[in-house]
Amino acid sequence: MRRPACSTSLLPCQPARHKPRWVRGLGLAMLLCVGLAPHGAQAAQSAPVQSAHSTATLITDSNTAQTDTPLHAALRLQLKPGWHTYWLNPGDAGDPVTLTVEASGALAGQAQTITWPTPQRIRDASLMSYAYTGDVVLPVTLQLHTTSTPDTQGQVSVHAQANWLVCEQACIPEEGNFTLTLPTGAPQPSAEAPLFAQAAQHTPVKAPYKVTISPTGVLHVQGAELTGQSVADAWFMPQERGQIAEAAPQRLTFDADGLSLHLKPTDEFAKAAPLTGILVLRDPSGAERALNVQATPQPLAASPELGPASATATVSATPAQQDVLPVAQQAAAASLFHSIVLGLLGGLVLNLMPCVFPILAMKALAVARMGQSERKHQKLSAMGYAGGVIVGFTGLGALVMGLRLGGAATGWGFQFQSTMFVGMITWLLFAMALNLLGVFAFLPPALSASTQHRHGLVHDVLTGLLAVVVASPCTAPFMGVAIAGALAGPPLSGLVIFAALGVGLAAPYVLLAFSPALASHLPRPGAWMDYLRQFLAFPLLGTCVWLLWVATVESGATTVLLLCAGMVFMAFAAWVYGIAQKRQRLAGHSRGCTALYGVALLGLLGAMALLPALQQLAPQPATSTPALPNGTEPFSTQRLNALHAAGKPVFVDMTAAWCITCLVNERVALNTTATQAAMARYGVTTLRGDWTRRDPAITEFLQHHGRDGVPFYLFVPAQGDAVVLPQILTPGLVIGTISPPHG
C-alpha cells in the first residue's frame with residue numbers, strides 16, 4: 001500500500017532534507033564538538049538506530065535534568081516515504097509502539113505511558129488503520145527524584161527500550177535500545193525542544209462537551225455551536241481495539257443539541273461501558289480539532305437518535321430527521337419477537353440433544369401410557385408436564401438474572417458446577433432407573449395397595465421440572481442467542497423468553513396429547529411396554545456414570561466414593577421399599593409393613609447424611625492444566641491477545657465436562673484427524689477453556705460475546721473479523737471456517 005510521506009496532522013516530514021549544504025556542515029561540526037567535549041556522551045539526543053525503513057532516536061526537551069522537575073523524553077521515528085507506524089489502537093491490523101524510559105544516576109525515574117499525538121486514518125480496501133507517517137515524536141514524562149546513592153559527578157543516564165512496527169506493502173517489526181546522559185542543573189531547553197512543542201500542538205485536548213454513546217452505536221456530542229455551518233466533517237477513533245467496525249462509514253447528523261456520529265458496533269462492543277477515544281472535528285476551512293472524549297453509555301430509550309431531530313441538513317445528505325421513537329419501539333418489539341422465536345426453536349431442538357436423552361426416555365413412557373388412558377387424562381398429563389417445564393425454565397432464568405444482579409459471575413448451566421447438585425441429580429436419576437426396572441414404584445405407602453393407581457398431576461409437573469434440570473447444562477442451536485437476549489434485556493422480557501424455551505421443550509408431548517390423529521399412530525398397548533420401560537432404565541444408568549465422571553473432574557476421586565456409597569444406600573432403600581409395596585398389595589392393607597418402610601427411610605437418610613461431606617468437596621479453581629490434544633493450549637485472554645497480536649489465527653473452544661454437546665462436538669468435529677490436520681496446516685492454535693469448575697474469566701469472556709453457556713466456539717483469524725460458530729459442529733464446518741479465503 002502506498003502512503004503519503006507526510007501527515008497533515010503531525011510534524012513536518014524530515015525538515016533536515018531541505019536545509020542548505022553549509023547548514024548541514026555546520027550541524028556536523030557542532031556534533032563533532034559535542035562528541036569531543038569533556039563529559040563525553042552528554043546530549044539531548046541518543047545515537048540513532050537505523051534501518052532501511054526508519055531512523056529512531058531518543059530525545060529530551062532539556063539539556064539538563066533537575067529533581068522534582070518533569071523531564072520530557074520521546075521516541076523520535078523518522079519514517080521513509082510510504083511507511084507508517086501505529087497508534088495505541090492500530091485499527092484492523094498492526095501493533096502499537098511501546099516505549100519504556102528509565103533514568104538512573106544522580107536522579108531516578110521511570111515512565112512508559114506515551115502521550116499519543118492524533119493519528120491519521122489509513123484505509124486499505126476494507127481495512128482501516130490508525131497510524132503515523134513522516135517524522136513522528138512520541139513523548140513520555142519522567143518524574144525525577146534524588147536516589148539514595150547519588151552520582152557524585154551529577155550525571156543522569158536515561159535509558160529507553162522501544163518496539164515498533166513499520167508497514168508499507170509488508171510489515172516489519174523493529175526495536176531499539178537507547179541511552180543518553182544529561183548533567184544535573186536548572187532546566188535548559190534543548191535543540192529538540194521545538195519537536196515537543198509541535199507534538200503538543202497535535203495532541204488531543206479534553207472535550208468541553210458532554211458525550212454519550214447509545215447501545216446501537218450512536219455517539220452524540222452535545223454542543224449548541226456544533227452545527228452544519230461549523231462542522232464540515234467528523235470522525236471517531238476508539239482507544240480500545242475491536243469496539244466498532246473501524247472501516248465502516250461514520251454517518252454525521254445534527255440536531256438541536258449538537259451532532260451525532262452513527263458508528264457500527266461489533267460483537268465485542270461493550271454496551272454498558274464508557275467508550276473512550278479521539279473525536280476529530282473539521283471545520284469548513286479544513287482546520288481540524290482533536291478532542292479526547294469518554295462517551296457515557298445511555299439506555300436505548302435515552303439514545304439521541306430517539307429524540308426529535310433538527311431540520312439542519314446532514315453531511316451525509318440525509319434530510320431532516322423525524323421523531324423516530326415509534327420506530328425504536330417497533331425495533332425493540334421486533335427484537336423481543338425474534339428472541340421468542342429463537343427460544344421456541346431452541347426448546348424444540350433441545351428435545352434432540354444428547355444431554356436430554358433421559359427426558360426423551362420419560363416422554364416415551366408417557367406416550368406409551370397415553371395409548372391406554374382416556375383423553376381427559378392425556379390432556380391433563382400433558383398440561384401438567386408443560387406447566388412444570390415452563391415454570392422450571394422461567395424459575396431457573398429468574399435465578400440466573402437475580403444472581404447476576406447481585407454481582408455473581410453466573411451463566412447458564414451454573415448449577416452443574418456444584419458437586420452437591422451433581423450428586424443429588426445422580427441419585428435421583430439412579431432412583432428413577434430402579435423404578436423403571438420395577439424395584440419399587442413412586443407411590444406413598446397409603447396408595448401402594450391399589451394396583452390401578454395412575455401417576456397424578458403432581459407427578460407430571462415434577463417430571464417437567466426434572467426435564468429442565470437435566471437439560472440445563474446444554475445449549476442447543478438458537479438457544480444461546482435467546483438466553484443471551486433474555487439476560488441482557490429487561491427482566492420481564494427475559495422471563496417471557498425463558499418461558500418460550502419451556503414451551504418449545506414441552507411442545508412435542510403436548511401436541512401428541514392433543515392430536516388424536518398423531519395418537520392413533522402409536523402402537524397398541526401390550527407386553528412390549530413393560531420391556532420398553534425396563535430398557536429405558538439403562539440410558540438413565542449411563543447418565544449416572546457420566547455424572548460420576550463430571551464429579552471426578554470437579555472434585556476428585558473422593559467425591560465418586562461418596563456418590564457410590566450414596567447409590568448403595570439408595571438401592572437398599574428402594575429394594576426394601578419395593579418389598580413393602582408388594583406385601584401391601586398382596587395383603588390389601590399396610591399393617592405389618594411399617595417396619596419395612598422405616599428401614600427404607602433409614603437407607604434414604606443414610607444417603608442424605610453424605611450431603612455435608614459432598615458440600616465440603618465443592619469444586620475449586622483448577623490448580624493443574626488438564627491433558628490437552630496436540631496444538632491445544634489452556635485458554636486465557638492474555639494468550640488470545642498475544643497470539644492475535646503476533647498475526648496467528650486462533651480457535652477458541654469453551655467447553656465443560658458436564659456438557660454432553662461439548663463432548664460430542666469434540667469427538668465428532670474437533671478432535672478428528674482431518675480437523676487436526678487442517679489446524680496444523682493453517683497454523684491455527686486452539687485455546688480450550690474448561691468451564692466445569694467456576695471460572696470468572698471464562699464467564700466474563702462468554703458474556704462479552706453475548707453468550708451465557710457452553711458450548712461456545714470462536715474463530716479469530718489473523719486478519720479480519722472474528723467468526724462465531726454454531727453450537728453443533730461438523731468437521732466440514734470447522735475446516736471451512738478456519739481455511740484462508742484462497743485456500
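Biologist: How many disulfides does a search of the whole structure find?

Modeller: The search finds zero disulfides anywhere in the structure, and I should add at once that this is a predicted model. A disulfide would call for two cysteine sulfur atoms within 2.5 Å.

Biologist: Is Cys544 buried or exposed, and how should Cys564 be classed?

Modeller: The general idea is that a residue counts as buried under 20% relative accessible area and as exposed over 50%, with partly exposed in between. Cys544 has a relative accessible area of 2%, so it is buried, whereas Cys564, with a relative accessible area of 32%, is partly exposed.

Biologist: What share of the whole protein counts as buried, and what does the protein expose?

Modeller: Of its 743 residues, 47% count as buried, while the exposed area comes to about 34,600 Å², of which carbon and sulfur atoms supply 63%. The secondary structure comprises 20 helices and 25 strands. As for contacts with a separation of 6 or more, 75% of them are accounted for by residues 24 or more positions apart.

Biologist: Which residues have the most contacts inside the largest nonpolar core?

Modeller: A nonpolar core is a set of buried residues of nonpolar kinds joined through side-chain atoms within 4.5 Å. In this structure the largest such core has 42 residues, and those with the most contacts inside it are Leu75, Val101, Leu142 and Trp164. Its largest share, six residues, comes from strand 11, which covers residues 155-167. Apart from this core lies another, of 38 residues, with Leu436, Met570, Val576 and Ala607 among them.

Biologist: What does Leu75 touch, once residues up to four places away in sequence are not counted?

Modeller: Its partners include Ala56, Thr57, Val97 and Leu99, as well as Val136, Val137 and Leu138, and also Ala162, Trp164 and Phe178.

Biologist: Where does Leu219 lie, and is it buried or exposed?

Modeller: Leu219 lies in strand 15, residues 218-222, and because its relative accessible area is 0%, it counts as buried. Leaving aside neighbours within four places in sequence, Leu219 is in contact with residues including Val211, Ile213, Phe236, Leu261, Leu279 and Ala295. Its C-alpha atom is separated by 9.2 Å from that of Leu275, 56 residues apart along the chain.

Biologist: How should I read Leu279, which appears among those contacts?

Modeller: Leu279 lies in strand 19 and is likewise buried, with a relative accessible area of 1%. Beyond Leu219, its contacts outside four places in sequence include Val221, Trp235, Arg289 and Val293. The C-alpha atoms of Leu279 and Thr118 are 9.6 Å apart, although their positions lie 161 residues apart along the chain.

Biologist: Where is Pro274 found, and which residues does it touch?

Modeller: Pro274 is found in the loop between strand 18 (258-262) and strand 19 (275-282), and at 49% relative accessibility it counts as partly exposed. Not counting residues up to four places away in sequence, Pro274 touches Gln294, Ala295 and Pro297. The C-alpha atoms of Pro274 and Ile213, 61 residues apart along the chain, are separated by 7.7 Å.

Biologist: What span should helix 9 have, and where does it bend?

Modeller: At 1.5 Å a residue, the 24 residues of helix 9 (residues 491-514) should span 34 Å, and the end C-alpha atoms are 32 Å apart, which agrees. Helix 9 nevertheless bends by about 50 degrees at Ala507, with a proline, Pro508, following within four residues.

Methods
Residues numbered from 1 in each chain as written. Predicted model: local features only at pLDDT ≥ 70, side-chain atom pairs only at ≥ 80, totals over all residues. Heavy atoms only, no water. Helix = DSSP H or I, 4+ residues; strand = E, 2+ residues; numbered from the N terminus. Expected span 1.5 Å × (residues − 1). Bend = angle between axes of the 7 residues up to and from the residue. Buried < 20%, exposed > 50% of the residue type's maximum accessible area, 1.4 Å probe, protein only. Contact = heavy atoms within 4.5 Å. Areas by Shrake-Rupley, 256 points an atom, 1.4 Å probe, with all protein chains shown as cover.
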